[in-house]
Amino acid sequence: MATHADKITPNDLGWFVRKVLVMQKAIYQDMMTQHLTYVRTGLTGIREMHAAEIIDDRTMTAWEDVASGDSSRIARGNADLLRREQEYCVGTLWDQCRGYKNGVGEALTYMTTLAGSPSVAGVPALREFRPVKFTTDVAGAGKTEVQLGIPSWDWSIFSERWTFVTSELLPRYTYQAKHDRAALNRPAHHSVRAAVEPEPTALQHPAHPRLHGERHEGEARRLNN
């Protein structure tokens, strides 16, 4: 970021924001179609989507897990649907953002990681997860480890994003869904950061996922079961 941030122009910011909106639309078109189908027709409709090759085998299994009523399967199904969002729906789009304009894109995606702050209680800000650390010699103290308040990773890289989701977001979302669901249902104020903050259930933002799975009969089958 240090070598390219000064090259970012208003046009670059406009391009980046539009790309984030494209991610939001991609997630909506893919996942909302599945959600509405499941709410209205249950697994029958999801199976029709699978037969028509609109969704793959893994996604079909994920919805079966969500509908199972078994808490461990529901959690697994949510994780698989979330992975579809982050890898299939927006993975390539994030790569395009990072590869934009000879380093400018990398500066923009790193800034997203620097600013991102998930809304689920207990989940650290993106910059606090795997911060930059190094060891240096300090007079009178010898070798000392220094930790900076900046991330050593980039949210736009799927493997790194998924590590954050599975180690930080999903476990804490699961806990909150079981013990304080009302907090998850409260409206949240979103900005471009949403593109970097998945919340289990239809990612409010290409960068942040949300949790899936509510039965068409109206019975909640989420992680709180």
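Me: What does W15 count as, going by its relative accessibility?
Reply: Happy to help! This is a predicted model, where local features need pLDDT of at least 70, side-chain atom pairs count only at pLDDT 80 or more, and totals for chains, interfaces and linings use all residues. Residues are numbered from 1 along each chain as its sequence is written, and side-chain values use heavy atoms, leaving out hydrogens and water. Buried means under 20% relative accessible area, exposed over 50% and partly exposed in between (1.4 Å probe, protein chains only), so W15, at 23%, is partly exposed.

Me: How many aromatic pairs does a search of the whole structure find?
Reply: Rings of Phe, Tyr and Trp (its six-membered ring) pair if their centres lie within 6.5 Å. Searching the whole structure gives this number of aromatic pairs: nine.

Me: What kind of pair do W15 and Y100 form?
Reply: Planes under 30 degrees apart count as stacked, over 60 as edge-to-face and the rest as tilted. The W15 and Y100 planes are at 10 degrees, with ring centres 3.9 Å apart, so this pair is stacked.

Me: Is Y100 buried or exposed?
Reply: Look at its relative accessible area, which is 17%. That value falls in the class for under 20%, so Y100 is buried.

Me: What kind of pair do F129 and W153 form?
Reply: Their ring centres are 5.5 Å apart. Their planes stand at 90 degrees, so the pair is edge-to-face.

Me: Which residues do ring pairs link into a cluster with F129?
Reply: F129 and W153 are both buried. Ring pairs join F129 in a cluster with W153, W155 and F164.
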